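I opened this entry to note what I looked up and in which order. I began with strand pairing and then turned to the chain as a whole.

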Amino acid sequence: MKAKVHVTLKNGVLDPQGKAIQHALGSLGFSGVDDVRQGKYIELDLAETDAAKAREAVERMCKELLANTVIENYAISIEG
Amino acid sequence: MKAAVIVFPGSNCDRDLAVALEKSSGKAPIMLWHRETEVPQDLDLIAVPGGFSYGDYLRSGAMAAHSPVMREVKRMAEKGVRVLGVCNGFQILTEAGLLPGALMRNRDLKFICRDVHLKVENTDTAFTGPYTKGQVVRFPVAHHDGNFFADDELLKRIEGNGQVAFRYAAADGTVSDATNINGSRNNIAGIVNEKGTVLGMMPHPERLIEPKLGGADGKPMFDALVEALS
């Protein structure tokens, strides 16, 4: 099965890259962009066939490597 | 003093650290490749160098923090063996959980490569002992991800425990937002763990160890380590 992981900066953590993107959008004429937060998207192909077990494994992967939980949150979606 | 310098693919300050250590101790440190699973047990100091380990993939220091040799470094750090992480080494030590906080992209998104002034805070460690509290030193920085972050609660704990070793300052020792080169919380440039046995810092003491290189403010740190650990 496939796991999709979104890693995003926690609220309250300054995202200078998101700010730069916001400014760039403004200078391109896209008005009304109030905020931009940049993150990472990671796709995993897993041999596991049990969705609950897959989620549990990916959860551990996020905590140990994929996200730095000091500054980042993660969201997992498992697809058959 | 028996010292080792860890070498990751992409490290580029490992030789500078080795030169600094040899200059102070008279003995060349052991160079340990990242795949090593057996580390000499009688080491007094492990130095984790600057550079771009594993190409900064995922996050600076994230891959190196989980390399085989770091398991040993962690185990030895827990026993009280001194660990010094400079620049990418600091990033690796935070990712490995040996130091609190995280190092993020610089506030202005630019790679900063120049000398900076630092105010010495905690002098009660084997690394910072030769400096006096409040002393201003000049070390070079060269980093893109040196913006130290800790949430309010963690920051309070780090400050309360006296874990801040260095802050970005002006030449006269003033610490302000204007002297905060990269957006680090409370101008933090370097911290130690609670026991004071692990130091991580973004600036490079090993790059200024003799006047010919433009200054020698980094030399006392290596001399002091040799004295404390011999």
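The model is predicted. I started from one residue pair: Lys2(A) stands opposite Asp45(A), which lies in S2(A).

Next I looked up the two strands around this pair. Strand S1 of chain A covers residues 2–9, and 7 bridges join it to S2(A). The two strands run antiparallel. I reminded myself that strands of a sheet pair through backbone hydrogen bonds, either parallel or antiparallel.

Then I asked in what order the strands of the sheet lie. The order is S2-S1-S3 in chain A, and these 3 strands form an open sheet with antiparallel pairing. Strand S2 (39–45) and strand S3 (72–79) of chain A are the edge strands, each pairing on one side only. On average, neighbouring strands are turned by 15° against each other, direction ignored.

I also checked what packs on this sheet. Helix H2 of chain A, residues 51–66, does so and touches S1, S2 and S3 of chain A. The direction of H2 makes about 155° with that of S3(A).

For the whole chain I counted 2 helices and 3 strands in chain A. Along the sequence, chain A reads β-α-β-α-β. The radius of gyration of chain A is 16 Å, well over the 12 Å that the globule rule gives for 80 residues, so chain A is more spread out than a compact globule. The C-alpha atoms of chain A fill a box of roughly 45 × 25 × 15 Å along the principal axes.

Last, I noted burial: of the 80 residues in chain A, 29% are buried. Chain A exposes about 5000 Å², and carbon and sulfur atoms supply 52% of that area.

Note on methods: Residues numbered from 1 in each chain as written. Chains lettered and ligands numbered in written order. Predicted model: local features only at pLDDT ≥ 70, side-chain atom pairs only at ≥ 80, totals over all residues. Heavy atoms only, no water. Pairing = 2+ DSSP bridges. Helix = DSSP H or I, 4+ residues; strand = E, 2+ residues; numbered from the N terminus. Axes fitted to C-alpha atoms, helices over the stretch in contact; angles between N-to-C directions. Contact = heavy atoms within 4.5 Å. Rg over C-alpha atoms; globule rule 2.2 N^0.38 Å. Buried < 20%, exposed > 50% of the residue type's maximum accessible area, 1.4 Å probe, protein only. Areas by Shrake-Rupley, 256 points an atom, 1.4 Å probe, with all protein chains shown as cover.
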